[in-house]
Amino acid sequence: MFSQSPSLGEFDLIQHFFKAESDAMLSEENLPISLGIGDDCALLQTLPNEEIAITSDMLVSGKHFFADTNPEWLGHKALAVNLSDLAAMGAKPLGFTLAIALPEVNSKWLESFSKGLFAIAKTYSCPLIGGDTTAGPLNICITAFGSVPKGKSIRRSGATIGDDIWVSGSVGDARLTLAALRHEIGIEKTDLELIQSRMHQPTPRVHLGIALRDIASAALDISDGLLGDLKHILKASKVDGRVFLAELPKSAYLLQQSEQIQNQFAACGGDDYELCFTAPSTQRETIAQIGHKLNLALTRIGHIQAMKNAESSIELIATDGNLLNEQETATLLKSFDHFA
Ligand SMILES: [Mg+2]
């Protein structure tokens, strides 16, 4: 692991740099890793009656982030998006591998990237256990491993008619940040400084995912936009959903925008990395307690209903209580596309 093309002697530096941080973490914490970086493979200790959850995400310069993005933010986000996927399944992080292509060996960039990467790795006790480096256009690929007791993973296919639909935190701030950076909307500079971490340094809801193991019937993390992602649950569960736009949790910053922008960004803005989940209405009190314990807003935004057509769909209820017709729904989604 952490092999590199032989002509790239400089990459030894990277290897040693990442390995030192990784070794330090493994020796400081009692983690279920038998062997970290240094051999052909890393070894994870598999626990009896546990399943291994595996997820992989690739971040490509110019497509997923601006080339001049602060490398510390990038290190954070590259691992955060993977931890968010583990959280969505109710899995506890075990470790991750990093495959990275770099256009040049810039030790200042690497130092900053690795600062962000290892800070979040330590927060969630998820060590780097291997990887690969090569020269090429900047491209960061992380594969994360987690564990979940057998049969306890939260899948997309478990939502049933009558379940509530919930979302954690607030939605739309990452999209708001992007719109501000693109000068599509006006926002106070100080406000932008406060909200931009929502886009650059998202918080994976790892503790929430674990707490929801016996409570949620289905879950996923919101990477592409709340409604679009919710549709994946509906489709996998063969049900419809009804969502109340007025109930979508929005930050004080988003609430300063027009109602149209609020709805668009909260309902369709991507990169939120909050969890959207469903649960029987009998779990409302327990879910409120979990939110209280984690100091995290958990908001009921709608419910699951029977399928009306051959394909799963979402009914949207406007702030005035009226059902959005097909055209109004299309307009909401289309006006968002204008920004995309
Ligand atoms: Mg996901």
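A residue counts as buried under 20% relative accessible area, as exposed over 50%, and as partly exposed in between. These classes are applied below to a predicted model.

**Overall architecture**

The chain is built from 11 helices and 12 strands. Its C-alpha trace extends about 65 × 50 × 35 Å along the principal axes. A compact globule of 340 residues would have a radius of gyration near 20 Å, and the 21 Å of the chain agrees with that expectation. Of these 340 residues, 52% are buried. Contacts are dominated by sequence-distant partners: among those between residues at least 6 apart in sequence, 85% join residues at least 24 apart.

The chain exposes about 15800 Å², of which carbon and sulfur atoms supply 51%. It carries 27 positive and 41 negative charges, and the mean positions of the two sets are 5 Å apart.

**The magnesium site**

Two aspartates, D85 and D221, act as the protein donors of the magnesium ion through their OD atoms, lying 2.1 Å from the ion. D85 belongs to helix α2 (residues 71-89) and D221 to strand β8 (residues 218-221), so the pair ties together parts that are 136 residues apart in sequence. With a relative accessible area of 5%, D221 falls under the 20% limit and is therefore buried.

**Helix α4**

Helix α4 spans residues 173-181 and is mostly covered, with eight of its nine residues buried. Among the buried residues are the charged D173 and R175, as well as L176 and L178. The remaining buried positions are A174, T177, A179 and A180. Just after this helix, H183 adopts a positive phi of about 60°.

**Loop residues with positive phi**

Two further residues other than glycine also have positive phi values, N49 and D271. Their surroundings are set out below.

| Residue | Phi | Loop between | Relative accessible area |
|---|---|---|---|
| N49 | near 65° | β2 (43-44) and β3 (50-60) | 58% |
| D271 | near 70° | α9 (259-268) and β10 (275-279) | 22% |

How do the two loop residues fall into the accessibility classes, exposed or partly exposed? N49, at 58%, lies over the 50% limit and is therefore exposed. D271, at 22%, is not under 20% and not over 50%, so it counts as partly exposed.

Notes
Residues are numbered from 1 along each chain as its sequence is written. This is a predicted model: local features need pLDDT of at least 70, side-chain atom pairs count only at pLDDT 80 or more; totals for chains, interfaces and linings use all residues. Side-chain values use heavy atoms; hydrogens and water are left out. Helices (H or I, at least four residues) and strands (E, at least two) are DSSP runs, numbered from the N terminus. The radius of gyration is taken over C-alpha atoms; the globule rule is 2.2 Å times the number of residues to the power 0.38. Buried means under 20% relative accessible area, exposed over 50%, partly exposed in between (1.4 Å probe, protein chains only). Contact means heavy atoms within 4.5 Å. Accessible areas come from the Shrake-Rupley method with a 1.4 Å probe; for residues, only the protein chains shown count as cover. The place of a charge is taken as NZ of Lys, CZ of Arg, CG of Asp or CD of Glu. Donors are N, O and S atoms within 2.8 Å of the metal (3.2 Å for Na, K and Ca); water is not among the atoms, so sites may look incomplete.
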